[in-house]
Amino acid sequence: MEEKEKKKWLWVGKIAKKTLARAIDLVHEDMPVLELAEKLEDYIRNYAAPAFPVNISVNHVAAHYSPGVNDSSVIPAKSIVKVDVGVHKEGYIADAAISIALTSEYEDLLKASFEALVNAEKTLKAGVKTGFVGAVIEETILSYGFKPIKNLTGHKISRFNLHAGKSIPNTKTIFSSKVEEDEVYAVEPFATDGAGYVVELSEGYIYRLTSARRTGDKQVDRYLRDMWRRFKTLPFSERWVARFIGEEKAKIVLSTLLKKKIVTVYPVLVEKKGGLVSQFEDTVIITEKNALITTGISELVKEIL
Ligand code: MN
Ligand code: MN
């Protein structure tokens with residue numbers, strides 16, 4: 001990878017890490033989830049752009065919860081709060097997450113997914129099989145007496161593409177591919193005391209444009225062009241659409257685009273048995289010798305574990 005390009009991946013990584021450090025300072029019992037998400041997204045905007053809406057997934061919610069326009073939820077007492085942030089500049093993306101527990105009783109559950117991440121990072125380098133990395137993650141989490149979440153995976157990242165094909169499983173899998181030099185991956189082990197997989201809720205607040213088609217409705221198409229310009233192929237929040245066209249119109253436009261399959265929505269993912277879920281995530285660049293970590297959440301984890 002060219003030095004110039006590497007610098008860009010590393011730079012967005014640094015912003016993601018700073019944003020998570022900010023999250024550690026901000027998260028407290030009874031805080032409105034909407035306020036937390038918007039503060040973190042505004043923080044990112046000081047430097048770059050959010051690559052996706054800040055995800056704040058509490059307890060048995062594993063992923064893809066980001067507050068909608070009128071979210072009234074607050075951070076519950078004694079909860080596990082997973083804060084997952086994305087930063088991009090010119091399409092170079094950093095994707096990173098930490099779990100913050102508002103009680104010490106979940107320390108082992110947090111350690112299970114954090115240590116799984118550290119061990120996975122130690123094994124990653126050009127030529128390694130993704131299934132092997134999954135086995136390392138699985139063994140680490142099992143050694144703590146928890147289960148990895150089988151149907152959530154790490155993923156390759158490319159410019160403007162958060163899920164660029166290859167996955168890094170959280171379990172030992174039969175189907176496996178090789179990671180290659182200069183590829184960028186998000187590695188994200190999830191640990192749970194539940195069933196070990198997630199199911200979709202019918203609700204969702206995170207959207208993505210999937211088709212370049214027009215609707216034929218002049219006004220909707222004007223907004224659609226604007227959305228392509230702002231979000232491109234990256235996920236966005238209904239809150240962000242509401243910011244530039246207003247809440248009422250945002251609802252109508254998004255539901256029209258959903259019906260026409262021009263946008264897709266990510267359902268909220270919850271643990272099947274209602275188990276508690278912890279997650280830690282870094283973005284890494286694969287080199288010949290190792291994985292170069294762009295987001296470096298290990299340093300933050302010292303404060304919370
Ligand atoms: Mn993430
Ligand atoms: Mn990710």
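Which residues is V277 in contact with, leaving aside its neighbours within four places in sequence? In this predicted model, V277 is in contact (heavy atoms within 4.5 Å) with N59, H60, A62, I80, K82, L109, I149, F190, A191, T192 and E271.

## Basis of the model

Residues are numbered from 1 along each chain as its sequence is written, and chains are lettered from A and ligands numbered from 1 in the order in which they are written. The model is predicted, with local features needing pLDDT of at least 70, side-chain atom pairs counting only at pLDDT 80 or more, and totals for chains, interfaces and linings using all residues, while side-chain values use heavy atoms and leave out hydrogens and water.

## Surroundings of V277

V277 belongs to strand 13 (residues 277–279). Strands here are DSSP runs of E of at least two residues, numbered from the N terminus. The relative accessible area of V277 is 0%, so the residue is buried; the term denotes under 20% relative accessible area, with a 1.4 Å probe and protein chains only.

V61 is 216 residues from V277 in sequence, yet their C-alpha atoms are 7.1 Å apart in space. V61 also has a bridge partner in strand 12, namely V270.

## The cavity

A search of the whole structure yields 1 cavity of 30 Å³ or more. A cavity is a set of points, on a 1 Å grid over the protein atoms alone, where a 1.4 Å probe fits but cannot get out. Rolling a probe the size of a water molecule over the atoms shows where empty space is left. The volume of the largest cavity is about 30 Å³, taken as the space filled by probe spheres set on the points, with grid points joined across faces, edges and corners.

N55, S57, A62, A63, K82, D84 and Q279 line the largest cavity; a lining residue has an atom within 4 Å of a point. At least two residues of this lining come from each of strand 1 (49–58), strand 2 (61–63) and strand 3 (80–89). The lining comprises 2 nonpolar, 3 polar and 2 charged residues. In this classification, Ala, Val, Leu, Ile, Met, Phe, Trp, Tyr, Cys and Pro are nonpolar, Asp, Glu, Lys and Arg are charged, and the others, Gly among them, are polar. Two residues named in the lining, A62 and K82, are also in contact with V277.

## Strands 1, 3 and 4

Strand 1 is largely enclosed by the rest of the structure, because 9 of its 10 residues are buried. Strand 3 is likewise largely enclosed, since 9 of its 10 residues are buried. The two strands run antiparallel and are joined by 7 bridges; strands count as paired if DSSP finds at least two bridges between them. Across this pairing, V58 has V81 as its bridge partner in strand 3, and S57 stands opposite K82.

Strand 3 is also joined to strand 4 by 10 bridges, again in antiparallel fashion. Here the bridge partner of V81 is I100 in strand 4. The hairpin of these two strands has 2 residues between them, and E90 takes a positive phi near 55° in that hairpin.

## The manganese ions

The manganese ion (ligand 1) has as protein donors D84 (OD), D84 (OD), D95 (OD) and E281 (OE), at 2.1 to 2.4 Å. The pair D84 in strand 3 and D95 in strand 4, 11 residues apart, links distant parts of the chain. Donors are N, O and S atoms within 2.8 Å of the metal (3.2 Å for Na, K and Ca), and sites may look incomplete because water is not among the atoms. D84, which also lines the largest cavity, counts as buried because its relative accessibility is 9%.

The manganese ion (ligand 2) is coordinated by D95 (OD), H155 (NE2), E188 (OE) and E281 (OE) at 2.1 to 2.2 Å. The pair D95 in strand 4 (residues 92–101) and H155 in strand 6 (residues 154–157) links distant parts of the chain, 60 residues apart. D95 counts as buried at 3% relative accessibility, and H155 counts as buried at 3%. The two manganese ions lie 3.2 Å apart, bridged by D95.

## The sheet containing strand 2

An open sheet is formed by 4 strands in the order 2-12-10-11, with antiparallel pairing. Its edge strands are strand 2 and strand 11 (236–237), each pairing on one side only. Strand 2 is joined to strand 12 (residues 263–271) by 2 bridges.

Key:
Buried means under 20% relative accessible area, exposed over 50%, partly exposed in between (1.4 Å probe, protein chains only). On a 1 Å grid over the protein atoms alone, a cavity is a set of points where a 1.4 Å probe fits but cannot get out, and a pocket is an open set with protein on both sides within 12 Å along at least five of seven lines; lining residues have an atom within 4 Å of a point.
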